[in-house]
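User: Could you take a close look at one sheet in this model and walk me through its strands? I'd like to see its charged pairs too, and then how the rest of the chain looks beside it.

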Amino acid sequence: MKIHIAFAMIFAVCSLCFAFNIIELHRNGVTFLYAKEFAISLQSSQTALINRHIDGDTVEVRLNEKVKTLRIIGLDTPESVHPQKEVEYFARAASLFTKILLEKDGRVFLTFQYPDLLDRYQRLLAHVWYYAFDSSNEPVLVSHSLVLLLNGYGRALTSYRVDEPMRDFLLQAERYARENSLGLWGKIDENMVLQNLKSGFSTTPVSVGVYVEYKGQAEKVFVINLGGTELNLKGWKIESYGGQSFIFPDFVLKPRESVVISSGPKAAGTFIWTKAYVWNNSGDEARVYDQNGELAGRYFYPMIFYSDHGALNFEHISF
């Protein structure tokens, strides 16, 4: 007999055309997109604790006092640990994103389409749910599959006989990410995404992504709007570790779009900071402050500082 997932879901979109009401949620210091249409109410589930992170779509859980490897169904993230494949584009970002949201010893809720079904690697197949928080710090129960897909960290995979309406949500979440060039669909620099995820550990909210191309005669700072609404950058400031700063004029940055601020002898484009060099090749840090002086995003690359006790390498330090 077929066993259905025991949850009720508000299904407010059609299968051919839809408009999501996008909201921003946060968990463990990282902000991400979700949709009000994905609102759910679990009627029955099993509680588990995350034991170990494996990659973007696979974790180890402690369930009923046993350690199980669990394959999150509904999507496929780029391969990062496949024994027969090289690390794929955006695999490191998807893996880190899952590692942050599904932290060790964190509590999650599992729902099974087929409780006794294992895949060919003898992994459990389940949906994974957890609580994230909105701008008012109200809890929202979310599906990790939908979080990954909507933010562009994977592709929908419905071959594990995913039931309706979850199948439609998975496909539409991927479509939304593709149409808005989010994550892997935007073909953006993965290193920038990794830096932004790492900076998410800061207690200061991060609303923009920052990346610096510091080599060559045309240095570039990329600022990307990570939110779901437009940002007017008037009065916002970019500052280097050395104290040099650029202040934005009246300029609107749309969601998930980026703007480039150029410096150096061959600086060109919409915003030219200066024709002099700003960024040190040996290491520097870019910080972006909003109009109120609050830190909104940052990017750093290897820095060497000297003290009375010799060199201190800040390359692997998360601020």
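Analyst: Happy to! A good place to start is K237, whose bridge partner in β21 is Y289. Before going further, please note that this is a predicted model, in which local features need pLDDT of at least 70 and side-chain atom pairs count only at pLDDT 80 or more, while totals for chains, interfaces and linings use all residues. Residues are numbered from 1 along each chain as its sequence is written, and side-chain values use heavy atoms, with hydrogens and water left out.

K237 opens strand β16 (residues 237-240), which pairs with β21 in the antiparallel sense over 4 bridges; here two strands pair if DSSP finds at least two bridges between them. Strands are DSSP runs of E of at least two residues, and helices are runs of H or I of at least four, both numbered from the N terminus. Both β16 and β21 belong to an open sheet of 4 strands, in the order β17-β16-β21-β22, with antiparallel pairing. Its edges are β17 (245-247) and β22 (295-301), each of which pairs on one side only. On average, neighbouring strands here are turned by 10° against each other, direction ignored; the axes are lines fitted to C-alpha atoms, and angles run from 0 to 180 degrees between N-to-C directions. In general, strands of a sheet pair through backbone hydrogen bonds, either parallel or antiparallel.

Now to β21 itself. Strand β21 (residues 284-289) also pairs with β22, in the antiparallel sense and over 6 bridges. Two of the residue pairs can be named: V288 has G297 of β22 as its bridge partner, and A286 stands opposite Y299 in β22. The hairpin of β21 and β22 has 5 residues between the strands, and G293 takes a positive phi near 80° there. β21 is mostly covered, since 5 of its 6 residues are buried, where buried means under 20% relative accessible area, exposed over 50%, and partly exposed in between (1.4 Å probe, protein chains only).

What about the charged side chains? E285 forms a salt bridge with R287, with the closest N and O atoms 3.1 Å apart; the term requires a side-chain nitrogen of Lys or Arg within 4 Å of a carboxyl oxygen of Asp or Glu. E285 counts as buried because its relative accessible area is 6%, whereas R287, at 25%, is partly exposed. On β16, K237 forms a salt bridge with E239, and 3.3 Å separates the closest N and O atoms. Both partners are partly exposed: K237 has a relative accessible area of 26%, and E239 has 24%.

Let's step away from this sheet. The whole structure has 10 salt bridges, among them one between E190 and R92, whose closest N and O atoms are 3.8 Å apart. That pair links distant parts of the chain, with E190 in helix α4 (residues 190-199) and R92 in helix α1 (residues 91-101), 98 residues apart. E190 is buried at 9%, while R92 is partly exposed at 42%. In addition, D57, R71 and D76 are linked in a network of salt bridges.

There is also an open sheet of 4 strands in the order β13-β14-β19-β20, where the pairing is mixed. Its edge strands are β13 (208-213) and β20 (271-274), each pairing on one side only, and its neighbouring strands are turned by 25° against each other on average, direction ignored. Strand β19 (residues 258-263) runs parallel to β20, and 3 bridges join them. I261 stands opposite F271 in β20.

To set all this in context, the protein chain has 4 helices and 24 strands. Of its 319 residues, 48% are buried. Among its contacts (heavy atoms within 4.5 Å) with a separation of 6 or more, 58% join residues 24 or more positions apart.
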